[in-house]
Amino acid sequence: MTPRRRPVAVLVAAGIVFLLLMGLGIWQVQRLAWKTDLIARVDARVAAAPVAAPGPAEWDALTEENAEYRRVTVAGDYRPDSDVLVQAVTERGPGFWVMTPLRTQDGWTVLVNRGFVAADRRDDRPLPAGAQTVTGLLRLSQPGGAFLRANDPRAGRWYSRDTQAIAATLGLPRAAPYFIDADRAGEGQQPVGGMTVIAFRNNHLSYALTWFAMAGLLAFLTLRALRR
């Protein structure tokens, strides 16, 4: 490459990298706007008055954007001897989420996360008898399992709240594609409800500033090299 063409090649290469870095920065700004809007919507849902839990006619339209963490209420009867224990680690230590099917007054079934029990109290999960009204947060199914841990229904080992797999294992008819994280029933009662952790990582601004800073530094170093 001749000396005359070398600065042009450097400028073209630097320009391509500069545009790439700027594009990444702009993408992170867009992600920031999306995440900020998501957090605002979830905060509004959590603080809102509960609405009726979606029935079968609404299931196909449920998405993370329009349904996750919606406060809902539903009435029905718990199915006895049907608890599914899903492994969990919480601020109270290791233990299990107690997932229990509730047959609604309209004839369909929804899984209710009645709350958390510590590993050494896994049998301490009394089931309320008779008609119940459950209020809590709508959560979409968590299929597959956890990181490096697949659900094993046959062995009774569950690592995620996969509503479809649990419903199939228990033979539940017309099971909702979501579950409900029930509110805390009362102080000292088992399982302990109301332990939903609502937290969203929002580092997009720092990522955007990093990409823009790298683009600016590249432009500065390129111009400095060309002047020399």
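Here is a short tour of the cores, the cavity and the pockets in this structure. Please keep in mind that the model is predicted. One cavity of 30 Å³ or more is present, and the largest nonpolar core is made up of 18 residues. The largest pocket has a volume of about 310 Å³, and the second largest holds about 230 Å³.

**Nonpolar cores**

- Within the 18-residue core, the residues with the most contacts inside it are Val 74, Trp 108, Val 110, Val 134, Tyr 178 and Ile 180.
- Two or more residues of this core come from each of β2 (71–78), β5, β6 (131–140) and β9.
- The biggest contributor is β9, which gives four residues.
- Trp 108 is worth a look in the viewer: beyond its neighbours within four places in sequence, its contacts include Val 74, Ala 176 and Tyr 178.
- Trp 108 also touches Ala 53, Pro 54, Gly 55, Pro 56 and Trp 59, among others, and its contacts include two arginines, Arg 103 and Arg 174.
- A second, separate core has 16 residues, including Leu 111, Phe 116, Leu 170 and Met 195.
- As background, nonpolar side chains in soluble globular proteins tend to be buried together.

**The cavity**

- The largest cavity has a volume of about 30 Å³.
- Its lining consists of Thr 109, Val 110, Leu 111, Thr 163, Ala 167, Ala 175, Ala 176 and Tyr 178.
- The elements that supply two or more of these residues are β5 (109–118), α3 (163–170) and β9 (175–182).
- Six of the lining residues are nonpolar and two are polar, with no charged residues.
- Val 110 and Tyr 178 appear in this lining and are also among the residues with the most contacts inside the largest core.
- Leu 111 lines the cavity too, and Leu 111 belongs to the second core.

**The largest pocket**

- This pocket is lined by 17 residues, and those nearest its centre are Tyr 78, Pro 128, Ala 182, Asp 183 and Ala 185.
- β6 gives the most to the lining, with four residues.
- By class, the lining has eight nonpolar, six polar and three charged residues.

**The second largest pocket**

- About 230 Å³ of space lies in this pocket.
- It is lined by 17 residues, of which Trp 97, Arg 161, Met 195, Thr 196 and Val 197 are the closest to its centre.
- β3 (84–90), β5 and β9 each give two or more residues to the lining.
- The lining divides into seven nonpolar, six polar and four charged residues.
- Met 195, one of the residues closest to the centre of this pocket, is also part of the second core.

Technical notes
Residues numbered from 1 in each chain as written. Predicted model: local features only at pLDDT ≥ 70, side-chain atom pairs only at ≥ 80, totals over all residues. Heavy atoms only, no water. 1 Å grid on protein atoms, 1.4 Å probe; cavity = no way out; pocket = protein on both sides within 12 Å on 5 of 7 lines; lining within 4 Å. Points joined across faces, edges and corners; volume = space filled by probe spheres on them. Nonpolar A, V, L, I, M, F, W, Y, C, P; charged D, E, K, R; others polar. Core = buried A, V, L, I, M, F, W, Y, C linked by side-chain atoms within 4.5 Å. Buried < 20%, exposed > 50% of the residue type's maximum accessible area, 1.4 Å probe, protein only. Contact = heavy atoms within 4.5 Å.
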